[in-house]
Each structure stands twice: as structure tokens, then as C-alpha cells.
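User: Please take a close look at a single part of this model and walk me through it in one go.

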Amino acid sequence: MFTSGMSPAKTRGRPFTVIVEGNIGSGKTTFLNHFNRNAEVCVLAEPIELWRNCKGQNLLALMYEDIKRWSFTFQSYVQLTMLEQHTRKTSCPIKLMERSIYSARYCFVEKMLQDGLIHGASAAVIDQQFQWIRSYADVDVDLIVYLRTTPEVVYERMMQRNRAEEKSVSFEYLKALHDIHEDWLFHKTLYDLPAQVVVLDANLDKEGIIDEYRKCEPHILDKIMTNVKA
Ligand code: TTP
Ligand code: MG
């Protein structure tokens with residue numbers, strides 16, 4: 001299941017940090033909820049409510065209404081809110097996050113760049129901020145869980161979920177995002193990987209997915225003792 005070699009966990013001074021990645025609708029929130037009942041795990045769901053309400057402004061809706069106009073504003077705010085989650089203090093030995101500054105930059109800004117939906121100058125500013133954050137803030141992670149799906153499955157789920165802001169998201173958009181996630185996390189040909197990757201089959205239905213999630217438990221929960229001792 002591991003697709004890259006083990007690197008020593010950098011657990012001193014911060015929790016063992018796991019980021020959960022995968023396409024829109026791949027089940028990241030469901031995965032987090034599975035681990036939420038564990039007292040040792042600090043679960044940080046994606047700050048989507050902040051994106052929907054930044055001082056009364058729904059940035060997520062604005063972004064989908066006119067991506068070219070709002071891509072920079074939206075991605076800047078995503079980066080800030082992700083930084084806040086990466087650096088949020090917790091007394092738990094394990095931190096589980098939905099997404100990260102890495103996927104915001106490597107998947108979403110990447111997609112916008114590919115499509116000419118973000119100006120090169122705007123992407124450059126996001127990159128400079130991203131590089132500064134990586135150099136001066138502790139946004140290191142210890143494990144990436146990749147919820148691997150097909151674009152067909154996530155498109156179906158997204159339609160069923162029916163988030164108001166996502167009505168305009170096309171199959172082609174999800175397919176392209178899928179390819180980017182694959183290149184980054186599976187083929188490992190796009191950008192760097194901040195930690196080793198565990199790949200799960202997230203196409204499974206509700207019953208099957210719990211067994212698949214359980215496969216991840218040792219990789220996450222066994223870190224409790226390691227981290228307490230560190
Ligand atoms: P996701 O981050 O994929 O979260 P989700 O809740 O849809 O995933 P899951 O079902 O697996 O829990 O996407 C949330 C929305 O925000 C989606 O419409 C894509 C958008 N988004 C961006 O446009 N840019 C970004 O950098 C991020 C992180 C999300
Ligand atoms: Mg979610």
C-alpha cells in the first residue's frame with residue numbers, strides 16, 4: 001500500500017501530522033469523521049465555511065461564478081486558512097487535516113494555471129507566499145493519505161451532494177483535477193511530496209469504504225505512542 005519509502009517521522013514539537021488528499025467528492029470529510037471519535041486525534045476539517053463567509057463574502061461562490069476574476073482572491077484566502085490549520089496548536093499527539101497548503105498550490109492553482117484562469121503574476125505572488133511559508137512556518141507533514149477515485153465516481157457524488165457553489169463544475173474539470181492528483185500523488189511526476197503516501201481505494205461504497213479506512217488505522221493511530229515518547 002505504501003508507494004514510497006518510509007521517512008523518519010518529524011514528531012518533536014508538533015503532532016504527527018496527516019493530510020488527507022483526493023479529488024473533490026473523494027470522501028475526505030467522511031474519512032476524517034471516521035477518526036474523529038478518537039481522543040488522541042485532532043481532526044481539522046477543511047475550512048470551507050470560512051471560504052463561504054469571509055467577512056460576509058462567499059469567496060467559493062464568487063470563484064465559481066467568475067474564476068478568472070476571483071482565482072487569486074480565493075486561492076490566497078485558501079492558503080491563509082490552510083496555514084492557520086497547519087500551525088494550530090493542539091495537545092493531541094496526532095493531527096488529521098482535510099487538505100493542505102500543498103494540494104491548494106499543487107492541484108488547484110496548478111489547474112488554474114494550465115487553463116489560463118489565473119494570471120502568471122497572481123500565481124507568482126501565491127508562489128512567493130507559499131515558499132516563504134514553507135521556509136519559516138512549520139507546515140511539515142508526516143503522512144499523506146490519498147483517497148484515490150475515478151472522475152466518474154466523484155462526479156456522480158458531487159451531483160448527488162449538490163453543493164450550491166459547485167453547480168457549474170463540469171466532468172472535464174474533475175477529470176483534469178483527477179489527472180493532477182494522480183501525477184502528484186500516484187505517479188509522483190508533479191512537484192515534490194512532503195511525506196510518504198498511503199493510497200486507498202475511495203471508489204468503494206459506504207460499506208466497503210470503512211474496511212478500506214481501517215487499513216489506515218495502524219499508520220495513523222500507532223503513532224500515538226511514538227509521538228508521546230518523542
Ligand atoms: P475539496 O477540498 O476537494 O473538499 P470536498 O469537501 O469537496 O471533498 P470531500 O468530498 O472529499 O470531503 O473541495 C472543496 C471545494 O473547494 C471544491 O469546490 C473545490 C474548491 N477548492 C478550490 O477551488 N481550490 C482549493 O485550493 C481547494 C483546497 C478547494
Ligand atoms: Mg470535505
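Analyst: **The sheet, from one edge inward**

Val41 stands opposite Ile94 in β3. This is a predicted model, in which local features need pLDDT (the predictor's confidence in each residue, from 0 to 100) of at least 70 and side-chain atom pairs count only at 80 or more, while totals for chains, interfaces and linings use all residues. Residues are numbered from 1 along each chain as written, chains are lettered from A and ligands numbered from 1 in written order, and side-chain values use heavy atoms, without hydrogens or water.

Strand β3 covers residues 94–98 and joins β2 in the parallel sense over 4 bridges; strands are DSSP runs of E with at least two residues, helices are runs of H or I with at least four, both numbered from the N terminus, and pairing takes at least two DSSP bridges. Stepping back, the open sheet has 5 parallel-paired strands in the order β2-β3-β1-β4-β5. Because β2 (41–44) and β5 (196–201) each have a single partner strand, they form the edges, with one side lacking a neighbour in the sheet. On average, neighbouring strands are turned by 20 degrees against each other, direction ignored. Helix α4 (residues 67–87) packs on this sheet, touching β1 (16–22), β2 and β3, where contact means heavy atoms within 4.5 Å. The direction of α4 makes about 165 degrees with that of β3; axes are lines fitted to C-alpha atoms, for helices over the stretch in contact, and angles between N-to-C directions run from 0 to 180 degrees.

How far can you trust the model? The chain averages a pLDDT of 91, and 92% of the residues score at least 70. Residues 1–11 fall below 50, with 27 contacts beyond near neighbours in sequence. Where pLDDT is low, predicted coordinates should not be read in detail.
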